[in-house]
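Let's take a walk through this structure together, starting at the ligand and ending at a pair of aromatic rings.

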Amino acid sequence: MAWPSPLEALVIGASAGGVAALQTMLGSLPGSFQAPVFVVLHVPKDRPSGIPELLGGYCALPVLEADDKQPVRPGHVYFAPPDYHLLVESRDALALSMDEPVLFSRPSIDVLFESAAAVYDRGLLAILLTGASSDGSEGVAAVRAAGGKAWIQCPVEAAAPAMPNAALAHAGADAVLRLGEMCERLKGSPA
Amino acid sequence: MVFAEMTDDATELFDIELKLLLDAVYMRYHYDFRGYAMSSLRRRMRHAMGRFDCERMSDLQHRILHEPAFFADAMQYFTVQVSEMFRDPAYFLGLREQVLPVLKTYPSIKVWVAGCSSGEEVWSLAILLAEEDLLDRSVIYATDINPEALAKAEHGTFAADRMPLFSRNYLAAGGRGSLSDYYTSAYGNAMFDRRLKKQMVFADHSLATDSVFSEVHLVSCRNVLIYFNRELQDRAVGLFREALVRRGFLGLGGKESLQFGAHADAFEPFVANQRIYRKVAP
Ligand SMILES: C[S@@+](CC[C@H](N)C(=O)[O-])C[C@H]1O[C@@H](n2cnc3c(N)ncnc32)[C@H](O)[C@@H]1O
């Protein structure tokens with residue numbers, strides 16, 4: 001089933017077409033979901049995104065835009081703020097940074113996934129969704145190298161296939177799934 | 001314990017070597033990065049290793065220890081120099097409309113810009129004070145640990161191609177004129193008016209190792225604390241608390257919060273939706 005056992009944290013990366021995909025995915029998480037969830041969605045900078053509030057309306061879990069050194073709580077969804085990288089500092093705290101954009105993106109999916117892989121190693125599940133960039137490829141590689149699992153959205157189905165394709169070519173995956181299949185699995189998550 | 005059976009956990013080994021490197025830097029140069037957030041340090045050190053062709057962290061450590069000039073270059077990987085004039089205009093608007101009217105009531109005003117980087121924030125504040133007719137009775141202390149950045153800050157010259165962005169920010173921050181009133185352009189650079197500089201004092205000061213040097217009315221420390229772990233953040237905010245006058249003001253970056261630290265109760269939010277705090281009366 002390509003689940004980490006036990007599942008300790010979930011990271012999700014999405015770019016072009018990501019708002020709709022995230023709406024579906026976050027909507028499928030059961031209120032009993034135990035792991036913390038960290039999300040990078042590429043958004044234009046200089047604009048309060050309002051996306052956590054928007055998507056919070058579809059999700060049974062609390063959805064927040066991350067503050068620096070915010071404590072990590074089970075069953076909470078943390079979004080990277082526009083124009084900051086989001087990192088997992090430890091099992092207890094998030095961190096933000098203003099380091100240079102990576103592949104023209106800040107927040108960067110690679111930065112989030114790599115930092116989470118270093119903290120949660122085998123307990124991490126990474127999901128890479130639709131996008132027109134190649135962000136996430138290094139991140140998926142780091143997650144898998146640390147013993148975590150990666151699910152990649154089926155490129156044929158993705159609104160923008162470039163990002164899933166790039167990651168598959170660079171790092172492979174533990175499962176290539178349609179959005180609906182991912183959601184079904186998350187609904188019945190073992191955690 | 002059977003050592004031969006220990007697995008080669010790459011992250012764990014990397015972290016051990018990174019900690020050794022930070023110890024070495026501290027002992028050799030007295031720069032203390034030991035309390036910095038590990039998540040982004042890991043990444044920057046990996047970049048430094050790539051950039052300087054060091055296969056192992058110990059190679060990087062060797063060169064840093066033995067070549068002071070090399071450490072000066074490597075320093076750019078320990079600290080992050082990203083800044084903008086009037087970055088987050090709403091912050092500067094909040095200072096202009098809500099904090100400066102209070103500071104006006106003091107006969108003289110001292111401002112501390114901690115972690116000023118290449119100076120964009122310092123020069124922005126000087127313009128703000130000038131437009132509120134307060135600059136002549138103000139002193140702005142601008143401190144950082146990065147000597148290259150401090151030298152740039154003192155120079156007050158920024159690339160001309162950044163001016164459109166800075167001008168937009170300035171206007172959104174309630175600027176009363178045009179940003180170009182404050183600089184002259186030459187050779188692709190914008191050099192800011194020397195009159196703004198009269199009240200600035202630049203100094204090498206570390207929030208990790210140094211102590212308070214003056215009493216101040218306003219501390220602006222933006223996007224510096226994000227690079228620290230919680231303990232070091234507590235140390236830094238403790239310095240601000242000590243430096244601030246009774247009911248003094250503290251401004252942080254847009255996503256930095258006092259809420260998770262040890263000094264949360266010593267401050268109250270002052271400007272809605274901005275991380276501008278005021279010290280509560282003891
Ligand atoms: C991202 S810049 C922030 C620049 C500016 N304040 C702004 O918001 O635009 C971070 C700055 O913090 C400085 N810094 C890092 N560690 C420091 C320390 N221990 N004490 C003082 N400054 C420090 C760095 O050298 C860098 O210039």
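In sorting residues, Ala, Val, Leu, Ile, Met, Phe, Trp, Tyr, Cys and Pro count as nonpolar, Asp, Glu, Lys and Arg as charged, and the others, Gly among them, as polar. By that scheme, the shell around the ligand holds 8 nonpolar, 9 polar and 3 charged residues. Please keep in mind that this is a predicted model, where local features need pLDDT of at least 70 and side-chain atom pairs pLDDT 80 or more, while totals for chains, interfaces and linings use all residues. Residues are numbered from 1 along each chain as its sequence is written, chains are lettered from A and ligands numbered from 1 in the order in which they are written, and side-chain values use heavy atoms, without hydrogens or water.

Which residues come closest to the ligand? Of the 20 that surround it (a heavy atom within 4 Å), the closest are Tyr36(B), Gln81(B), Ser83(B), Glu121(B) and Asp144(B). Gln81(B) places a polar side-chain atom 2.8 Å from a ligand oxygen. A ligand nitrogen lies 2.5 Å from a side-chain N or O atom of Glu121(B). The protein buries 98% of the 610 Å² that the ligand exposes when taken alone (Shrake-Rupley method, 1.4 Å probe).

Now for the rings, which pair if their centres lie within 6.5 Å, and are stacked under 30 degrees, edge-to-face over 60 and tilted otherwise. Over all chains there are 24 aromatic pairs. Tyr31(B) and Phe71(B) make a tilted one, with 5.7 Å between centres and 50° between planes. Tyr31(B) belongs to the loop between α1 (10-29) and α2 (38-51) of chain B and Phe71(B) to helix α4 (residues 68-78) of chain B, so the pair ties together parts 40 residues apart in sequence; helices are DSSP runs (H or I) of at least four residues, numbered from the N terminus.

How values were computed:
A polar contact is a pair of N or O atoms within 3.5 Å; within protein, one must be able to donate a hydrogen and the other to accept it, and residues adjacent in sequence count only if both atoms are side-chain atoms. Rings of Phe, Tyr and Trp (its six-membered ring) pair if their centres lie within 6.5 Å; planes under 30 degrees apart count as stacked, over 60 as edge-to-face and the rest as tilted. Helices (H or I, at least four residues) and strands (E, at least two) are DSSP runs, numbered from the N terminus.
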